[in-house]
Amino acid sequence: MKRTILSLTAAAAALAAVTGVAAVAAPGGGDGVAAPASGTRLPVQRSTLVCPAPSSSEVAETAYTAFSPPGAAAGADTKKGTAQLLPTGTVADSHGNPAGKGGKDAKGKGGKGGKGGAADSGAPQTVPPPDTKPVVPLQQAGKPVVATTDSSGAPALAGSAEGVPAPGWTVQQTTAVAAGSGRGLQGLTCTAPDTQFWFPGVSTAAGRTDYVHLTNPDPAPAVVDLEMRGKDGPLTASGGGEDITVPPHTTVPVLLSTLTGSPADGAALHVSVRSGRIGAAVQAADAKAGGDWLPPAADPSPGVVLPGIPADATDVQLVAVAPGDSDADLKVQLATPTGLITPTGLDSLHVKSGMTTTVDLKDVTKGEAGSLVLTPGDAAAGAPVTAALKVVRGKGDNQETAFIPATRPIETRGTVADNRAKGGTLTLVAPTKGKDAKVKVTASAGSDGGTPVSKTYTVKGGTSLAVPPPQPSGLKGAYALTVEPQPGSGPVYAARMLALPQGGVPAFTVQPLPDDRGSVVVPTAGQDLSLLTR
């Protein structure tokens with residue numbers, strides 16, 4: 001009987017390569033079956049992504065950049081394939097306002113930012129998308145495709161890549177907001193749908209307006225629970241955030257302040273899907289310090305890496321959460337170009353079970369770009385944690401905010417799109433002493449022209465390297481960066497900062513480059529998989 005079950009496991013792994021299941025696995029690996037020790041690595045044949053509605057501002061402009069790396073893996077079908085995103089509908093209240101963005105709530109109160117989240121909007125309805133034309137359709141790998149919009153009603157997008165573009169398909173959403181709350185640069189790598197997400201670093205404090213955008217790419221409804229945790233434990237009001245229905249091909253924005261009884265800073269949001277799957281991202285706007293998207297953090301694990309803190313950061317805030325049954329004791333280190341150092345006064349960090357801990361690291365980089373590395377304080381302990389950084393650049397009225405979540409290492413390949421001729425910084429981190437990382441970084445052709453260029457970097461173990469990324473020869477338009485660890489390389493993490501100043505405001509956004517999971521290892525026929533069971 002046991003071997004029959006294991007054979008079915010092998011069949012499931014083979015099916016993953018065909019259906020692209022591996023592309024939508026839990027961000028941190030989850031509790032799924034480990035990859036077999038040997039077998040054939042095949043490219044996924046289907047990938048799904050969702051991009052949230054970019055902005056309701058009348059003075060915002062959004063660029064979507066789609067890209068798929070060429071030569072994804074041996075065995076890829078080079079003759080056919082497409083990738084495209086389609087607009088989704090939006091759940092709104094009975095007055096036609098997006099969920100949680102105004103109108104009357106269950107108590108009859110109105111006004112922008114008032115109660116009225118998706119969980120309590122009374123008589124919600126689905127507003128269809130204003131257009132159903134495909135966005136950034138991609139038919140060939142290796143060259144980005146760009147589309148722009150300045151519409152305040154731009155909808156969320158969802159879609160799939162099949163065949164050639166599927167392995168490593170990525171879409172970057174970059175929005176420049178000229179004025180108002182959240183002004184600055186808001187960037188996000190569109191996410192794969194999943195069933196669990198963690199967002200450390202959310203806030204319902206005065207001056208912050210945080211929405212979580214829940215987008216369902218599938219033809220069946222999804223049911224979602226939202227739970228918030230703070231420094232003293234659960235924050236979610238009784239019954240709030242439960243049983244939120246996300247209709248098919250629809251997005252539901254939820255204002256986080258509708259979930260809590262009182263304002264709270266340094267909180268963590270847990271998104272759990274009861275049925276179906278969704279894509280999720282948090283849009284955070286600060287009345288004085290701009291704003292950005294907060295992407296999902298890597299799944300909780302004993303240690304985390306947060307790559308890409310800018311050299312000129314004026315304030316850095318760490319929010320860590322321990323979602324398990326045990327407290328976590330962590331060693332906090334900053335990876336610099338010359339080695340690992342301990343931030344002043346922060347030898348260790350204690351995170352209580354089910355709670356968050358917030359630490360103000362101030363100008364921790366002090367003019368030298370770095371990355372934060374959290375490891376178990378006691379090697380025998382290792383309670384799971386996840387974390388995120390809120391990073392501020394500038395001072396006074398010219399402050400701008402971005403977020404850096406804990407991210408996964410790049411195992412085979414990681415990609416980020418929408419790189420420009422100016423303003424880019426690529427950070428590569430080798431967090432383990434004695435294990436140097438060697439990676440090949442490839443700049444793709446530009447969206448309007450250019451020839452790809454590759455460069456190899458070696459990062460000494462225990463250091464963080466920040467460099468201007470390579471650019472394609474004869475660049476015209478936007479381009480993509482692909483990072484590939486070379487044989488024998490130690491663990492490596494990466495992030496890209498894009499800085500596009502707006503007058504005196506140092507507008508910027510940071511995107512991590514986790515492994516794109518564009519391929520899966522399929523066990524050979526008849527392989528004994530007994531090691532996969534415990």
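**Exercise 1. Is glutamate 484 buried, partly exposed or exposed, going by its relative accessibility? Then describe its salt bridge.**

Solution.
Step 1. This is a predicted model, and each value below is computed from it.
Step 2. Glutamate 484 has 23% relative accessibility. Buried means under 20%, and exposed means over 50%. Glutamate 484 therefore counts as partly exposed.
Step 3. Find the partner. Glutamate 484 forms a salt bridge with lysine 440, and the closest N and O atoms are 3.9 Å apart. The cut-off is 4 Å.
Step 4. Place both ends. Glutamate 484 sits in strand 37 (residues 479-485), and lysine 440 in strand 32 (residues 437-443). The two residues are 44 residues apart, and the pair links distant parts of the chain.
Step 5. Check lysine 440. Its relative accessible area is 30%, so lysine 440 is partly exposed.

**Exercise 2. Give an overview of the protein chain: its elements, its burial and its confidence.**

Solution.
Step 1. Count the elements. The protein chain has one helix and 40 strands.
Step 2. Look at burial. The chain holds 534 residues, and 54% of them are buried.
Step 3. Look at contacts. Take those between residues at least 6 apart in sequence: 82% of them join residues at least 24 apart.
Step 4. Check the confidence. The chain averages a pLDDT of 85, and 81% of the residues score at least 70.
Step 5. Mark the weak stretches. Over residues 72-77, pLDDT stays under 50, and the model has nine contacts beyond four places in sequence for them. Residues 99-123 also stay under 50, with 58 such contacts.

**Exercise 3. What is the strand order of the open sheet of four strands, and which strands are at its edges?**

Solution.
Step 1. Read the order. The strands run 26-22-28-29, with antiparallel pairing.
Step 2. Find the edges. Strand 26 (356-362) and strand 29 (400-405) each pair on one side only. These two are the edge strands.
Step 3. Add the twist. From one strand to the next, the twist averages 20 degrees.
Step 4. Inspect one pairing. Strand 22 (residues 313-321) joins strand 28 (residues 386-393) over eight bridges, in the antiparallel sense. Alanine 320 has alanine 387, in strand 28, as its bridge partner.

**Exercise 4. Which residues touch the most other members of the largest nonpolar core?**

Solution.
Step 1. Start with the principle. In soluble globular proteins, nonpolar side chains tend to be buried together.
Step 2. Name the residues. The largest nonpolar core has 35 residues, and Leu306, Leu318, Leu361, Leu372, Leu374 and Leu389 touch the most other members.
Step 3. Follow leucine 389. Neighbours within four places in sequence are set aside. Its contacts include Leu306, Val316, Leu361, Leu372 and Phe403.
Step 4. Look elsewhere. Another core lies apart from this one. That core has 27 residues, among them Phe197, Val252, Leu259 and Leu294.

**Exercise 5. How many salt bridges does a search of the whole structure find? Work through two of them.**

Solution.
Step 1. Take the total. The search finds 13 salt bridges.
Step 2. Go to aspartate 243. Its side chain meets that of arginine 274 in a salt bridge of 2.8 Å, N to O.
Step 3. Place the ends. Aspartate 243 lies in the loop between strand 15 (233-234) and strand 16 (244-246), and arginine 274 lies in strand 18 (residues 267-275). The pair therefore ties together parts that are 31 residues apart in sequence.
Step 4. Widen the view. Asp225, Asp243 and Arg274 are linked in a network of salt bridges. Aspartate 243 has 44% relative accessibility, so it counts as partly exposed.
Step 5. Take the second pair. Lysine 366 and aspartate 363 form a salt bridge, with the closest N and O atoms 3.3 Å apart.
Step 6. Sort the two by accessibility. Lysine 366 is exposed, at 62%. Aspartate 363 is partly exposed, at 34%.

**Exercise 6. Where do histidine 249 and arginine 517 lie, and what is notable about phi?**

Solution.
Step 1. Place histidine 249. It is in the loop between strand 16 and strand 17 (250-255).
Step 2. Read its phi. Histidine 249 is not a glycine, yet it has a positive phi of about 50 degrees. Its relative accessible area is 41%, so histidine 249 is partly exposed.
Step 3. Place arginine 517. It lies in the loop between strand 39 (508-512) and strand 40 (519-522).
Step 4. Read its phi. Arginine 517 has a positive phi of about 50 degrees, although it is not a glycine. At 21% relative accessibility, arginine 517 counts as partly exposed.

Terms used. Residues numbered from 1 in each chain as written. Predicted model: local features only at pLDDT ≥ 70, side-chain atom pairs only at ≥ 80, totals over all residues. Heavy atoms only, no water. Pairing = 2+ DSSP bridges. Axes fitted to C-alpha atoms, helices over the stretch in contact; angles between N-to-C directions. Buried < 20%, exposed > 50% of the residue type's maximum accessible area, 1.4 Å probe, protein only. Core = buried A, V, L, I, M, F, W, Y, C linked by side-chain atoms within 4.5 Å. Contact = heavy atoms within 4.5 Å. pLDDT = per-residue confidence, 0-100.
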